[in-house]
Each structure stands twice: as structure tokens, then as C-alpha cells.
Amino acid sequence: MSLNSSASSHPPYFLLTGIPGLEKEQFWIAFPFFIMYAIAVLGNITLLLVIKTDPSLHEPMYLFLAMLAFTDLVLSTSTLPKMLAIFWMGSGKIGFVSCLVQLFFIHTFSSVESGVLMAMALDRYVAICRPLSHSSILSVTVVVALGTMVLVRGVLLISPTCFLLHRLSFCQHHIISHSYCDHMAVAKLSCGDTRVNAIYGLFVAILVVGSDTFLITVSYTLILREVMKSPTEARRKAFSTCVSHICVILASYIPAFFTAVTHRFGQSIPPHIHIMMANLYVLVPSTLNPVIYGVRTKKIRDRVLLLL
């Protein structure tokens with residue numbers, strides 16, 4: 001297919017409908033979404049400022065937390081402003097290239113978030129099981145290298161999805177039954193063969209989530225085994241730190257897993273439930289992460305109270 005014929009097969013824009021079946025309720029649904037987005041932006045910016053300005057927080061745990069906060073800001077800001085415009089003003093039009101850019105950022109930084117959570121689990125393992133070697137194993141240089149690798153992994157794995165979508169013909173199909181541009185939601189509009197898109201998307205999901213959850217599970221299994229040998233007070237402190245991280249992991253992975261599975265195998269699930277979970281997948285972790293870490297991490301809590 002030539003470049004000109006390929007370009008002519010792309011609609012000039014897509015039309016995002018929001019939440020199928022809940023078009024009348026979207027106006028009111030937008031209000032809690034806006035509140036959650038405001039909390040996400042304010043909370044994650046506060047975390048970044050606190051960690052940046054306090055030298056005592058320039059440790060692996062807090063540097064990874066800063067990476068998580070930045071990732072959450074990108075994820076929520078890539079989706080929520082446009083989503084609110086759809087819900088409140090019916091402004092669902094998005095250009096073809098803008099749609100590809102949006103889905104690139106959403107999927108790339110979803111992968112980055114998973115990688116950062118995995119790195120945080122490894123940090124907790126070293127801190128609890130190898131405390132004397134923690135500073136030498138996880139130096140600032142190593143932390144930055146891990147963050148860079150996670151970002152590069154996301155970019156390299158997600159970039160092909162944009163090229164796979166660009167090669168498709170859409171035959172003027174341009175209505176996306178979704179609140180944002182998602183890889184498979186866009187691919188399903190094509191009048192061509194989308195099996196490569198589906199296979200590659202599933203491959204990326206299994207590779208990223210599979211490897212990260214495996215390492216997280218191994219890390220926490222070893223942590224649990226080590227903690228059970230510790231004195232009561234040390235055990236309580238270790239559990240307290242790990243509970244925060246586990247809550248964040250569950251908030252990130254449960255909606256993500258539900259969304260990935262229903263896209264491919266959940267034809268019997270009502271569309272509004274699927275799209276609502278997809279919206280929560282990009283919004284809930286971004287909202288909860290700063291709240292969980294801000295409340296449960298004493299150093300950050302004290303620093304925020306001092307600023308206030």
C-alpha cells in the first residue's frame with residue numbers, strides 16, 4: 001500500500017463517545033472524576049516537590065516513589081482533560097494523529113507504572129532481606145538506571161502499536177465507543193485484518209505484566225519469609241511499609257487485568273462496565289498512590305504537615 005493510499009484510508013478524526021449506555025449520566029459522572037483528577041494532580045505534584053526539596057528523601061524508596069508520581073501525572077493528564085470535555089461538553093472529536101499520540105502515552109506509561117512497582121518491590125526486598133548491602137546495591141546511579149530501563153522498555157514495546165494502527169484501513173469508520181483512545185478500541189474500527197494487532201497487544205501485556213508480577217511475587221514471598229523471623233516490633237514496621245505498596249499494586253493491577261481480559265474475551269460484559277473499569281484503570285491508581293504513601297509514610301507525612 002502506498003503512502004498516499006494509506007493516508008486516505010485514515011479518517012481525519014475519530015469521535016470518542018464516552019461511556020456507551022450512560023450518555024445521559026456522563027455529565028454527573030464527570031464530577032467525581034474531576035475531584036479524583038484534582039486529588040491526583042495536587043497529590044502527585046506535592047509528592048514530587050517534597051521529595052525534590054528534602055535531601056533526606058533522596059533514597060531509593062522515595063526516588064522510585066517520585067517516578068511513580070510523575071508516571072501517574074502523565075497517565076491521568078493524558079486522559080482526564082479530554083474525558084471531562086466529552087462528558088461535560090460533548091467534545092469527543094480527536095484527530096487521527098492526536099489519537100495515536102494519546103494511546104502511545106497511555107500504554108507506555110501504564111507499562112512504566114508496572115515497571116516502577118516492580119522496582120519498588122525489589123527495593124523493599126533488598127531493604128528488608130539485605131539491609132547492610134542496601135546502599136551499595138541500590139545506589140542513586142542504579143535507581144536512575146532502573147528508571148531509565150523501565151521507560152525505554154515502555155517506549156520500545158508500545159511504539160510498534162502505533163505503526164500497526166497506522167497501516168490499517170478504516171473505511172471511514174471513526175466512532176470509538178470509549179472515553180479515550182485505546183489500542184484495541186481503535187483497531188476494532190478497522191475494516192482490515194487486525195489479528196497482528198491483537199496478538200502483539202496480548203504479547204506486550206503478558207510480557208510486561210507477567211514478568212513484573214512474577215518478580216513482585218517472588219520479592220514479597222522472600223520478604224514474608226524474612227519478616228516472620230524478625231522480632232515483633234521489626235515485623236510490625238516491615239508489614240506496615242509493605243502493606244502500602246501492596247495496596248498500590250492491587251489498585252493498579254486489578255482494573256488493568258479486567259480491562260485487558262474484557263477487550264479480548266469479555267464480549268458478554270456490558271460495554272458501560274468495561275469502559276467504566278478502563279476509566280478507573282487510569283484514574284484510581286493516580287488518585288490513591290499519593291494518598292496511600294502520603295498517609296502511611298511518616299517522613300513524607302511529616303514533611304507535608306511542615307509545609308502546611
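This briefing walks through one helix crossing and the aromatic contacts of the structure above. Keep in mind that the model is predicted. Helix H2 is a good place to start, as it packs against helix H10 and also carries Phe34, a partner in an aromatic pair.

**Helix H2 against helix H10**
- The axes of H2 (residues 26–53) and H10 (residues 271–296) come within 7 Å of each other, crossing at roughly 40 degrees.
- This crossing of H2 and H10 is left-handed.
- On the H2 side, the contact includes Ile29, Phe33, Met36 and Tyr37; on the H10 side, the residues met include Met276, Asn279, Leu280 and Leu283.
- By type, the contact residues of H2 with H10 are 13 nonpolar and five polar, with no charged ones.

**Aromatic pairs**
- In total, the structure holds 13 aromatic pairs.
- Phe34 and Trp88 make a tilted pair, because their ring planes stand at 50 degrees, with the centres 5.9 Å apart.
- That pair bridges distant parts of the chain, with Phe34 in H2 and Trp88 in helix H3 (residues 60–89), 54 residues apart.
- Both rings belong to partly exposed residues: Phe34 has a relative accessible area of 41%, and Trp88 has 30%.
- Tyr200 and Phe203 are also tilted, since their planes lie at 40 degrees, with ring centres 6.0 Å apart.
- These two sit three residues apart in helix H8 (residues 195–227), about one helical turn.
- Tyr200 counts as buried at 18% relative accessibility, whereas Phe203 is partly exposed at 44%.

**Cluster and charge over a ring**
- Phe34 and Trp88 join Phe27, Trp28 and Phe31 in one aromatic cluster.
- Lys93 lies over the face of Tyr13, 4.5 Å from the ring centre.

Definitions and conventions: Residues numbered from 1 in each chain as written. Predicted model: local features only at pLDDT ≥ 70, side-chain atom pairs only at ≥ 80, totals over all residues. Heavy atoms only, no water. Axes fitted to C-alpha atoms, helices over the stretch in contact; angles between N-to-C directions. Helix = DSSP H or I, 4+ residues; strand = E, 2+ residues; numbered from the N terminus. Left-handed = near helix turned anticlockwise from the far one by under 90°. Contact = heavy atoms within 4.5 Å. Nonpolar A, V, L, I, M, F, W, Y, C, P; charged D, E, K, R; others polar. Phe/Tyr/Trp six-rings, centres within 6.5 Å; stacked < 30°, edge-to-face > 60°. Buried < 20%, exposed > 50% of the residue type's maximum accessible area, 1.4 Å probe, protein only. Lys NZ or Arg CZ within 6 Å of the ring centre and 35° of its normal.
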